[in-house]
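Trainee: I'm new to this one, and I'd like a close look at a single part. Could you walk me through the largest pocket and the pieces around it?

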Amino acid sequence: MLDCDKKSIYVGISTDIQRRYQEHLSGDKKGARYTRSHRLLELIYSLKIGDKSLALKVEHRLKKKSATWKRSLALKPMKAGKLFEALSLDA
């Protein structure tokens with residue numbers, strides 16, 4: 001999760017978090033359109049899931065959560081099992 005402009009949270013998945021973060025920071029076409037228009041990116045939460053299908057499900061559920069909920073997750077990070085419970089996912 002990336003904090004954008006201290007107003008919104010970007011959620012995405014990647015096999016290489018540092019590479020993807022740098023792509024977002026660069027502002028070029030490799031970064032998401034959203035992060036090109038919402039600057040001041042700060043990585044606030046990451047979690048290794050290991051399974052692409054499950055990662056996509058987590059991403060989808062996280063995107064439905066409010067920015068406040070996501071900020072509280074960043075302040076008190078959950079391990080995978082607890083996060084799956086909070087998102088009502090069977091893993």
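**A pocket and its surroundings**

Mentor: Let's start off to the side and work our way in. T35 touches L2, Y10, H24 and L41, leaving aside residues up to four places away in sequence. T35 sits in helix α2, residues 33-37, and it counts as buried because its relative accessibility is 0%. Keep in mind that this is a predicted model.

One of those contacts, H24, takes us to the next helix. In α1, the buried residues are Y21, E23 and H24. They cover an arc of only 155° around the axis, so they sit on the same side of α1. What lies over them? The cover for the buried residues of α1 includes the strands β1 (2-4), β2 (8-10) and β3 (42-43), along with α2. Just past the end of α1, have a look at G27, which takes a positive phi of about 80°.

Now for the pocket itself. The largest pocket holds about 660 Å³ of space. Its lining is made up of 26 residues, and G12, I13, S14, I17 and L47 are the ones nearest its centre. By class, that lining has 15 nonpolar residues, 6 polar ones and 5 charged ones. Which helices help to build it? α1 (17-26) and α3 each supply at least two residues of the lining. The largest share comes from α3, with 5 residues.

That makes α3 worth a visit too. This helix runs over residues 52-64, 13 residues in total, and spans 19 Å from its first C-alpha to its last, close to the 18 Å expected at 1.5 Å a residue. Which of its residues are buried? They are L54, A55, V58, E59 and L62. Seen down the axis of α3, these buried residues fall within an arc of 140°, so they line one face of the helix. If the spacing of those numbers puzzles you, here's the general rule: an α-helix has 3.6 residues a turn, so residues three or four places apart point the same way. And what do the buried residues of α3 pack against? Their partners are α4 (67-75) and α5 (80-86).

So when you turn the model around, try following that route again: T35 in α2, then the buried side of α1, then the pocket with its 26 lining residues, and at last α3, the source of the largest share of that lining.

Terms used
Residues are numbered from 1 along each chain as its sequence is written. This is a predicted model: local features need pLDDT of at least 70, side-chain atom pairs count only at pLDDT 80 or more; totals for chains, interfaces and linings use all residues. Side-chain values use heavy atoms; hydrogens and water are left out. Helices (H or I, at least four residues) and strands (E, at least two) are DSSP runs, numbered from the N terminus. The expected span of a helix is 1.5 Å times one less than its number of residues. Buried means under 20% relative accessible area, exposed over 50%, partly exposed in between (1.4 Å probe, protein chains only). The arc is that of the directions from the helix axis to the C-beta atoms. Contact means heavy atoms within 4.5 Å. On a 1 Å grid over the protein atoms alone, a cavity is a set of points where a 1.4 Å probe fits but cannot get out, and a pocket is an open set with protein on both sides within 12 Å along at least five of seven lines; lining residues have an atom within 4 Å of a point. Grid points are joined across faces, edges and corners, and a volume is the space filled by probe spheres set on the points. Ala, Val, Leu, Ile, Met, Phe, Trp, Tyr, Cys and Pro count as nonpolar, Asp, Glu, Lys and Arg as charged, and the others, Gly among them, as polar.
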